[in-house]
Amino acid sequence: MKRFLKINFGVFIMAVGLYVFLIPQDLAVGGVTGLAMVVNNFFPIISVGLVMIIANIVLFILAFIVIGKDFGGYTIYSSLLLSGMIYLFEMVYPISQPLVDDLMINLIYGVIIQGIGMGIIFYENASTGGTDIIAKIITKFVNMEIGKALLLADFLIVMFAGISFGFTLGLYALLGVIVNAGVIDNVIAGLNKKMQLLIITDKTDEINEYIINEIQRGTTLYTGKGGFSGKEKVIISTIVSKREYIKIKQYSRAMDDNVFISIGFVNEVLGNYRIT
């Protein structure tokens, strides 16, 4: 349920960025959305949301076969939800012109808002279909960040956007794709980030047991020697979330006023570091 709610939240954020800022300004910043905007420009009778639904079906089977049922299932749900949200926005609150008459402002805000939503969705091992699927497949076989893979996948659509909406808008769209890639990678890195703690204390047993039994995290114990005092110490090493670090810090200071905690940020953790 937590994953489901996060995906819904990410899709909503993405839909707002697209509908409010990018689509009214004809900023086709890649993806099936950009392709749908190009098609809509040549055939105004066909809505952007409808084109997105049709175009995504082509890549769904590929997602199931190459990446797996879990990713494919959530991708179908997310893409249909995004298309449905944009179609609903079109019906409830039609926008014929940009809210702000400034191309750069629409580009920056639209791309950042959309990128945050996409980052949340990618982090939950899902996508909104289209070129997102292509980017995910690229990262499956090539050691590349998802944002940069998406940049490669969207480049061709940006070229068509330049032909459709003009060279200037095409350059803006290319800038948007580049910024979008950076936003996605930074959002995912931020969500992945964990904290590595090195704890030196006279209450080693108590704090170690608290981390294992209460926080439910694994620990590693090292033997060290104080450079000034010459005394041997047992150093506790563990990797936790930011919220868990606050609990450990409060407990450690309550147990030992002289506790020493060294904190480092870890961008990725492989393997299970929770006690199960």
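Begin by selecting α1 and α4, whose axes come within 9 Å of each other and cross at roughly 40 degrees. That angle makes α1 oblique to α4, because only angles under 35 degrees count as roughly parallel. Viewed in projection, the crossing of α1 and α4 is right-handed. The model on display is a predicted one.

**The main core**

Next, select Val11, Leu18, Met52, Leu82, Ile86, Phe122 and Ile184. Within the largest nonpolar core, which has 37 residues, these are the ones with the most contacts. To place the core among the helices, colour α1 (2-22), α2 (31-42), α3 (48-66), α4 (69-92), α5 (103-123), α7 (146-165) and α8 (167-192); each of them supplies at least two of the core residues. The largest share comes from α1, with seven residues.

A second, separate core may then be added to the view. This core has 13 residues, including Leu197, Ile211, Ile236 and Tyr245.

**The contact of α5 with α8**

Hide the remainder and keep α5 and α8. Their axes come within 7 Å and cross at roughly 35 degrees. In passing α8, α5 makes a right-handed crossing. Colouring the contact by residue class shows 19 nonpolar and six polar residues, with no charged residues.

**Annotated transmembrane regions**

Now bring in the record. The unreviewed UniProt entry places the feature "transmembrane region" at residues 7-25, 45-67, 74-95, 107-126, 146-165 and 171-191. Two of these spans may be inspected in turn.

- Residues 45-67: the chain here is 83% helix and 0% strand, and the end C-alpha atoms are 35 Å apart.
- Residues 107-126: helix accounts for 85% of this span and strand for 0%, with 25 Å between the end C-alpha atoms.

**Phenylalanine 71**

Move to phenylalanine 71, which is placed in helix α4. Is phenylalanine 71 buried or exposed? Its relative accessibility is 1%, so phenylalanine 71 counts as buried. From there, draw a distance to isoleucine 133. The two residues are 62 residues apart along the chain, while their C-alpha atoms are separated by 9.3 Å.

**Two residues with positive phi**

The next two selections concern backbone conformation. Most residues other than glycine have a negative phi.

Select asparagine 125 first. Asparagine 125 lies in the loop between α5 and α6 (131-141). Its phi is near 55 degrees, a positive value in a residue other than glycine. With a relative accessible area of 29%, asparagine 125 is partly exposed, since that class lies between the 20% limit for buried and the 50% limit for exposed.

Then select glutamine 216, found in the loop between α9 (204-213) and β2 (220-225). Although glutamine 216 is not a glycine, its phi is positive, at about 65 degrees. A relative accessible area of 31% makes glutamine 216 partly exposed.

**The annotated domain**

For the final stop, select residues 217-271. UniProt lists this span, in an unreviewed entry, as "domain: DUF2179". What are the helix and strand percentages of residues 217-271? The span is 25% helix and 40% strand, and its end C-alpha atoms lie 12 Å apart.

Methods: Residues numbered from 1 in each chain as written. Predicted model: local features only at pLDDT ≥ 70, side-chain atom pairs only at ≥ 80, totals over all residues. Heavy atoms only, no water. Core = buried A, V, L, I, M, F, W, Y, C linked by side-chain atoms within 4.5 Å. Buried < 20%, exposed > 50% of the residue type's maximum accessible area, 1.4 Å probe, protein only. Helix = DSSP H or I, 4+ residues; strand = E, 2+ residues; numbered from the N terminus. UniProt positions renumbered as here; feature names shortened; annotations may be inferred. Axes fitted to C-alpha atoms, helices over the stretch in contact; angles between N-to-C directions. Left-handed = near helix turned anticlockwise from the far one by under 90°. Nonpolar A, V, L, I, M, F, W, Y, C, P; charged D, E, K, R; others polar. Parallel < 35°, antiparallel > 145°, perpendicular 65-115°, else oblique.
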